[in-house]
There are 2 protein chains.
Amino acid sequence: MSSSFEEKTIKSEKIFSGKIISLQVDDVELPNGKYSKRELIKHPGAVAVIAITNDGKIVMVEQYRKALERDVVEIPAGKLEKGEEPSLCAKRELEEETGYVCESLDWLISFYTSPGFADELVHLYVARGLEKKEDAAPPDEDEFVTLVELTLEEALEYIEERKIYDAKTAYAVQYLQLQEALKK
Amino acid sequence: MSSSFEEKTIKSEKIFSGKIISLQVDDVELPNGKYSKRELIKHPGAVAVIAITNDGKIVMVEQYRKALERDVVEIPAGKLEKGEEPSLCAKRELEEETGYVCESLDWLISFYTSPGFADELVHLYVARGLEKKEDAAPPDEDEFVTLVELTLEEALEYIEERKIYDAKTAYAVQYLQLQEALKK
């Protein structure tokens with residue numbers, strides 16, 4: 001796609017480089033010749049998995065999110081390791097966070113979560129044919145999660161009660177709603 | 001909801017405070033007594049509008065996103081001004097970015113875009129009964145947008161071609177798909 005409104009970078013200042021994100025502030029020239037500043041977060045990207053059990057439930061994990069200072073219920077997800085292939089990352093996160101391995105894993109969509117200030121791209125997969133693995137890989141050592149399996153109705157209640165409260169999980173629940181509607 | 005895995009803040013260091021986002025790094029005590037660092041972005045929150053024209057098209061804007069270094073097609077959206085009521089912000093952004101005013105505006109869902117590192121909360125609204133306003137309020141002076149109105153089929157093609165490439169817009173398109181499926 002042509003870029004009619006490209007913003008030319010005049011200067012780029014690195015502010016912070018962390019374990020997960022980095023921050024830079026760019027001075028840009030706007031299409032009208034004026035100038036502005038853009039605060040930009042760089043992120044390695046992530047995967048998320050809509051895992052459907054054989055009885056049609058959607059697999060979620062409950063975890064504490066420091067950014068929100070509260071527990072939230074989300075579909076399994078995690079950030080890409082350097083050079084990691086997204087589908088392998090999806091299988092790894094599913095196993096680590098839920099103990100499930102899957103027969104089929106299909107890419108559904110990839111989306112930027114916050115294009116206004118961040119380049120985080122989330123690759124969303126649908127996993128089916130789930131089976132519990134006895135000796136599943138454990139989560140990261142700073143990760144504490146509880147498994148939650150919800151019917152569509154329960155997931156919609158969780159949204160209502162704001163226990164489910166993030167974009168990728170809301171997308172996942174709506175995806176399940178759509179699949180149910182298409183069946184009828 | 002009880003918080004079984006709460007992470008206790010030991011120290012919080014402010015790194016950056018900008019026009020839109022700020023960044024802090026917290027030292028936290030984990031549930032197992034170990035320590036970790038959390039890189040956290042604070043954001044004022046935002047609104048986004050699924051605006052449906054009287055002939056069933058979805059209203060989008062094309063704009064350059066410096067964070068992604070490319071043009072993207074998104075539903076109208078914008079960040080909350082200090083103390084601004086989200087529904088008023090939604091009407092303001094819709095008018096500024098598209099020139100449309102709406103007869104009805106209904107809250108649909110609110111979600112965090114990136115709970116792993118940011119507290120950005122997006123309030124999503126559905127606007128119907130659209131009417132072009134002759135003397136519509138103009139966009140912000142550092143904002144350049146082109147109006148795009150898409151049928152559901154076109155929106156799905158845009159996703160396929162990665163012209164639509166962000167979470168809130170993907171959610172909006174899936175919402176339209178669901179509404180169509182429920183009609184049948």
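Turn chain A by 180°, with 0.0 Å of shift along the axis, and it lands on chain B with an RMSD of 0.0 Å. The two copies are therefore related as by a two-fold rotation axis. They also use the same surface: 100% of the contact residues of chain A turn up again in chain B. Keep in mind that this is a predicted model.

Where do helices H3(A) and H3(B) meet, and at what angle do they pack? Each H3 runs over residues 167-183, and the pair packs at about 20° with the axes 9 Å apart. Since angles under 35 degrees count as roughly parallel, that makes H3(A) roughly parallel to H3(B). As for handedness, the crossing of H3(A) and H3(B) is left-handed.

Here is who takes part in that helix contact:

| Helix | Residues in the contact |
|---|---|
| H3(A) | Ala167(A), Ala170(A), Tyr171(A), Gln174(A), Tyr175(A), Gln177(A), Leu178(A), Ala181(A), Leu182(A) |
| H3(B) | Ala167(B), Ala170(B), Tyr171(B), Gln174(B), Tyr175(B), Gln177(B), Leu178(B), Ala181(B), Leu182(B) |

Sort the residues of this contact by type and you get 14 nonpolar, 4 polar and no charged. Among the nonpolar ones are Leu178(A) and Leu178(B), while Gln174(A) and Gln174(B) are among the polar ones.

Now for the annotated part of the chain. An unreviewed UniProt entry carries the annotation "domain: Nudix hydrolase" for residues 41-172 of chain A. In the model, that span is 21% helix and 42% strand, and its end C-alpha atoms lie 25 Å apart.

Methods. Residues are numbered from 1 along each chain as its sequence is written. Chains are lettered from A and ligands numbered from 1 in the order in which they are written. This is a predicted model: local features need pLDDT of at least 70, side-chain atom pairs count only at pLDDT 80 or more; totals for chains, interfaces and linings use all residues. Side-chain values use heavy atoms; hydrogens and water are left out. Copies are superposed by least squares on the C-alpha atoms of residues with pLDDT of at least 70 in both. Contact means heavy atoms within 4.5 Å. UniProt positions are given in the numbering used here, feature names are shortened, and annotations may be inferred rather than shown by experiment. Helices (H or I, at least four residues) and strands (E, at least two) are DSSP runs, numbered from the N terminus. Axes are lines fitted to C-alpha atoms, for helices over the stretch in contact, and angles run from 0 to 180 degrees between N-to-C directions. Angles under 35 degrees count as roughly parallel, over 145 as roughly antiparallel, 65 to 115 as roughly perpendicular and the rest as oblique. A crossing is left-handed if the near helix is turned anticlockwise from the far one by less than a right angle, and right-handed if clockwise.
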